[in-house]
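The following exercises treat the packing of helices, the recorded domains and some unusual backbone features. Each task is followed by a solution in steps.

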Amino acid sequence: MNNVLHLAYLVPLFPLLGFLINGLGRKSMSKSLIGIVGSGAILASFIVSVWIFMQVKGGNTFTAEYFNFISADKLTIPFAFKIDQLSSLFLLIITGVGFLIHVYSTSYMHEEKREHFGRYFAYLNLFVFSMLLLVMGGNYVIMFIGWEGVGLCSYLLIGFWFKKPEYNKAANKAFIMNRIGDLAFLIAVFWLIWKTGSVSYDTILPAVKEGTSGLNNTDILVITLLLFVGATGKSAQIPLYTWLPDAMAGPTPVSALIHAATMVTAGIYMIVRSNVLYSLSPVTLNVIAIVGLATALLAATIALKQNDIKKVLAYSTVSQLGYMFLALGTGSYIAAVFHVMTHAFFKALLFLGSGSVIHAMGGEQDIRKMGGLAKYMKITNITFLIGCLAIAGIPGLSGFFSKDEILAGAFMKSPILYGIGLFTALLTAFYMFRLYATTFKGSFRGTHEQEHHLHESPAAITFPLIVLAILSIVGGYVGVPEFIMHGAHSLNDFLAPVIVSVDHGAAHAAGHLSHSEEWMLTGISTALIVIVVVFAWTRFSKKPDTAEPTGFGKILANKWYVDEFYDAAVVRPLNKLGDFLDNMLEKPVIDGLVNGVGKLVNYSSRQLRLLQSGQVGSYVLLMVISMLLIFALQFFLRK
Amino acid sequence: MNALILSAVLGVIMMFSGILLKQKSAVRGVAITGLAALLLVNILELRGIHFFKIDVAGMMYFDRFALLFISIALFATLVYFILSAKDMEKVGADYAEYFALIFFIICGIILVASFKSLLILFLGIEIISIPLYILTGADKRNLKGNEGSLKYFLMGAFSTGLMLMGIALIYGAAGTFDVEKMKFAIETPAVLPVTGMLLLLFSMSFKVSAAPFHFWTPDVYDGAPTVFTSFMATVVKAAVFIGFIRLFDETFGTFQVKWQMWLAVIAAVTLFIGNITAVFQQSVKRMLAYSSIAQAGFMLLAVYAMNTSAKEGILLYAAAYSLATIGIFSVLNKLNDYTFEGFNGLAKQQPVVAGALTIFLLSLAGIPLTAGFLAKFFMLKSVIDTGTGLWLVIFAVLMAAVSVYYYFRVIQAMYFKEGKADITVTGRFKWALVTIAALIIILGTFPNILINWLYF
């Protein structure tokens, strides 16, 4: 407890205090005070996180145990925070991006009533608190608390405007989908407890590494698969991805923070945290790679035909998460973390930019009714363009480096994975620039009323945009690949201690692929992407895609009818089963049984009461009879 | 020994205070101060400080179990005085005498808790009973009270006869009253001591209102002035239980096989009759009478099991049950209408009182986090520890489930029914109620703060 990192508890403490203050004082505090408390709490966490990061960078890692959270028989689960390279990096992302989004929200949400404004910031702070718990937890149980906490906050914030029934439906959908994944997560944790008697990373992971954990290959396979199912829920992968696009019902800053930058990367964090386990299960890794790639491709195709600015970004998020899982599946854990980081920057930027657009358009989200916004919103235009370039993977911006690393890792595994991955990247470039050109280029297609009101957003909105744009550009330079500049991949060196089996990782990608091969791959992909970007830009600035889609385009616009399929295959049969059980089992059998017991008790009570006649004579008689009976049984029958 | 002598002296002091003190509040002050002093000297004795060294010829023995129970009983009585002493004024003119009688009852309780000779047990039971007959009929103009008093006396005399007969037979078999010196053959005791034992079983069952010897209970509890029912149903009943346990542990412990079966039967019948009959009652006072029978059924499990967790548990049970029931009765005293409807809408009028009352009722029903839950848990655990009588455990749990019905009816009336349950209470009364409620929660969370006194 002498380690200075014992103070790490301060990081989640500030948002928790912010949540309590804003939550309890939402009716009495002024909006500016609420904003200051909410943003200030995250800023304070960010400052502590930076300090922690410096400590970790200096080589100081620590597991701080505060108290025994659960203690039952041989199982002891401490309330512990693990501060190492991985968690300190995530702390920076969460509190840094989180702070910017809080600042943004003070302006974006300003039209809400005071009470709801306070509620919003309370939820947002609670979310950051839970997310910090998730990444700081020293064992799977603390992680699970955070895991559930972020799920709850996501639910609360998606349904923030709870007066609209469809928003509540979206919130329910998100929560229920997540619960399916959470169940798998829980089973995995219990499995770990059953087999190893512990949930702490510090106990399990080194033991697994040395083969002394008591887990055989089947255990590891089952646990990793179950954890992965948990990750598919939280990180929106096939088959549990459909909640994320619907989650766009929440306020736009929420989409940026929760449904793009942080919460949805929880699954990736969890798998990287458990990379020791995953590296021992090649089957699971293959499953992850395939699921990730399929999700990336599926979501990218859907994004081609979406016309809601936030929906495009939502599917793009699903697609990019799929990319990260592809990286995990090919063993490039660091590349996945790298992409989490760069994605957090440019996707938050894009969402906040879209929020700025929606704000200017007076709530309009349909890109067919926008167009030519570049004239009116200079900062938003430029920052949004930077975000698009970054996500498309144009060299020099952050997305290029992380995407390239993932593709290189995929190529090593199999050229097929690389081919599909590259195709997905091209689709990404296409739909992002379709989005950009339709929104910002060409001529304005909205009403005169809207055109009159078009204006650049205030500083509280543009400031985070500028900061994130800068980060989207420079964020990639912590991971300059080996073949471009030797020893410039500082993220690799930083994260190396927490990634157990570097042999599988992209860190040694250079060892497998020669530099010339890498140059070639990068050259091909870059050339193709640039072509697609130019094509999409020119095509959609001149003639925006406003016609009703037909044929294959209609299938894409309807998201491959996956929601309809789920409804027919799962929801309706379940409802039918529920109706059946309600009518055939619950009402006649169970209710009858329960009410019958009650009636029986009442009836016996009425009869037994009559014993109490009020006559002393009868009382004594009954007593004497009982005594005689006992005497008789004692002496004549029990011998 | 400290408390025994002081309580007798206090009884006499209270009799004189009625003549010397004109103010009723002064009498009450003397009684409460006296009781607090009594509790203090008893706790001092528990910590090893004796004021009197009297040779009792081995007829009494104050061990930790006895002293701890006496402390609990005294504490419960103190709570009872604080909450309800003022309501005794309503009963009749002889205010000081009621206190005097209660102090004499305490004297009997101390004897029953610490006897080592059957004579002392008999003496203690009678010293408890006779003042109770008087208190039951204390409201002389009330016919119901008089009827109850007479019934109680008649049947009490009957039970006293049984007890004396039993003691006589035991004396005949053992040649001594001293429980330490009795030596009965373990496997096949003669007819004489077994008959004596059964007679004592009947009379003790009568005193703790176990079925089928419980018939006096509803009539007496219902007829007696409510303030005194409160005392009778709690402290007195718990005390007789301690005597019951001691008697069957120390005197008849050697041939447990002969009586354990009968206790199981009596416990089951008591649980059944108490709980089931309580369901149909319309008066809360009468419901509480049956509830006290039902709770006695649970405490009988401790006599059945007769092991460490039984003895620890019965102390916790005595505390939990007494505190909760005294609390409920203290509120009942203030109501004009004793039916369930009388509680309608109490939560709106007196949220604090209703809240505390809810905790008391939850504790009686045995809902977790309250002392009542752990008390019941200890009882059931003690039976399971014996390795026999699993059916009894299951049956007891089912009956506890039935009890939820009638306890929750009160909660339902307070919170979910519209009505005008109008009572006036002082701030001090509320504080006392809240303190007891807190105590019940604390005991339900950390029972060891009570039980550890047995050992440290």
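**Exercise 1.** Which residues in H5(B) meet which residues in H6(B)? Describe also how the two helices are oriented and classify the contact.

*Solution.* The model is a predicted one.

Step 1. Locate the helices: H5 of chain B spans residues 118–136, and H6 of chain B spans residues 143–174.

Step 2. List the residues in contact. From H5(B) come B:Leu118, B:Leu121, B:Phe122, B:Ile125, B:Glu126, B:Leu132, B:Tyr133 and B:Thr136. Their partners in H6(B) are B:Gly145, B:Gly148, B:Ser149, B:Tyr152, B:Phe153, B:Gly156, B:Ala157, B:Thr160, B:Met163, B:Leu164, B:Ile167 and B:Ile170.

Step 3. Sort these residues by class: 13 are nonpolar, six are polar and one is charged.

Step 4. Determine the orientation. Two packed helices are described by the angle between their axes and the distance between the axes. Here the axes come within 9 Å and cross at roughly 175 degrees. Angles over 145 degrees count as roughly antiparallel. Therefore H5(B) is roughly antiparallel to H6(B).

**Exercise 2.** Describe the packing of H14(A) against H13(A), and then against H17(A).

*Solution.*

Step 1. H13 of chain A covers residues 282–303 and H14 of chain A covers residues 309–329; their axes cross at roughly 160 degrees and come within 7 Å. H13(A) is therefore roughly antiparallel to H14(A). The crossing of this pair is left-handed.

Step 2. On the H13(A) side, the contact includes A:Leu285, A:Ile288 and A:Gly292, while H14(A) contributes residues including A:Val312, A:Tyr315 and A:Phe325. The contact of H13(A) with H14(A) comprises 16 nonpolar residues, five polar residues and no charged residues.

Step 3. Turn to H17 of chain A, residues 398–413: the axes of H14(A) and H17(A) come within 9 Å and cross at roughly 45 degrees. An angle of this kind falls between the limits of 35 and 65 degrees and counts as oblique. H14(A) is therefore oblique to H17(A). This crossing, too, is left-handed.

Step 4. H14(A) supplies A:Gln320, A:Tyr323, A:Leu326, A:Ala327 and A:Gly329, and H17(A) supplies A:Lys403, A:Ile406, A:Leu407, A:Ala410 and A:Lys413. The contact of H14(A) with H17(A) divides into six nonpolar, two polar and two charged residues.

**Exercise 3.** Which domains does the domain assignment of chain A give, and which features does UniProt place on this chain?

*Solution.*

Step 1. The assignment gives domain 1 (4–564) and domain 2 (567–637). Their C-alpha centres lie 57 Å apart.

Step 2. An unreviewed UniProt entry places "domain: NADH-Ubiquinone oxidoreductase (complex I) chain 5 N-terminal" at residues 70–121 of chain A. This stretch is 62% helix and 23% strand, with its end C-alpha atoms 31 Å apart.

Step 3. The UniProt annotation "domain: NADH:quinone oxidoreductase/Mrp antiporter transmembrane", also from an unreviewed entry, covers residues 139–428 of chain A. Over these residues the chain is 77% helix and 0% strand, and the end C-alpha atoms are 36 Å apart.

**Exercise 4.** Where in the chain are A:Pro239, B:Pro212 and A:Trp560 found? State the backbone feature of each.

*Solution.*

Step 1. A:Pro239 is in the loop between H8 (217–234) and H9 (243–246) of chain A. The peptide bond from A:Ile238 to A:Pro239 is cis, with omega near 5 degrees.

Step 2. B:Pro212 lies in the loop between H7 (191–207) and H8 (216–223) of chain B. A cis peptide bond joins B:Ala211 to B:Pro212, and its omega is about 0 degrees.

Step 3. A:Trp560 is in the loop between H24 (552–557) and H25 (562–608) of chain A. Although A:Trp560 is not a glycine, its phi is positive, at about 60 degrees.

How values were computed. Residues numbered from 1 in each chain as written. Chains lettered and ligands numbered in written order. Predicted model: local features only at pLDDT ≥ 70, side-chain atom pairs only at ≥ 80, totals over all residues. Heavy atoms only, no water. UniProt positions renumbered as here; feature names shortened; annotations may be inferred. Helix = DSSP H or I, 4+ residues; strand = E, 2+ residues; numbered from the N terminus. Domains from an automatic or database assignment. Axes fitted to C-alpha atoms, helices over the stretch in contact; angles between N-to-C directions. Parallel < 35°, antiparallel > 145°, perpendicular 65-115°, else oblique. Left-handed = near helix turned anticlockwise from the far one by under 90°. Contact = heavy atoms within 4.5 Å. Nonpolar A, V, L, I, M, F, W, Y, C, P; charged D, E, K, R; others polar.
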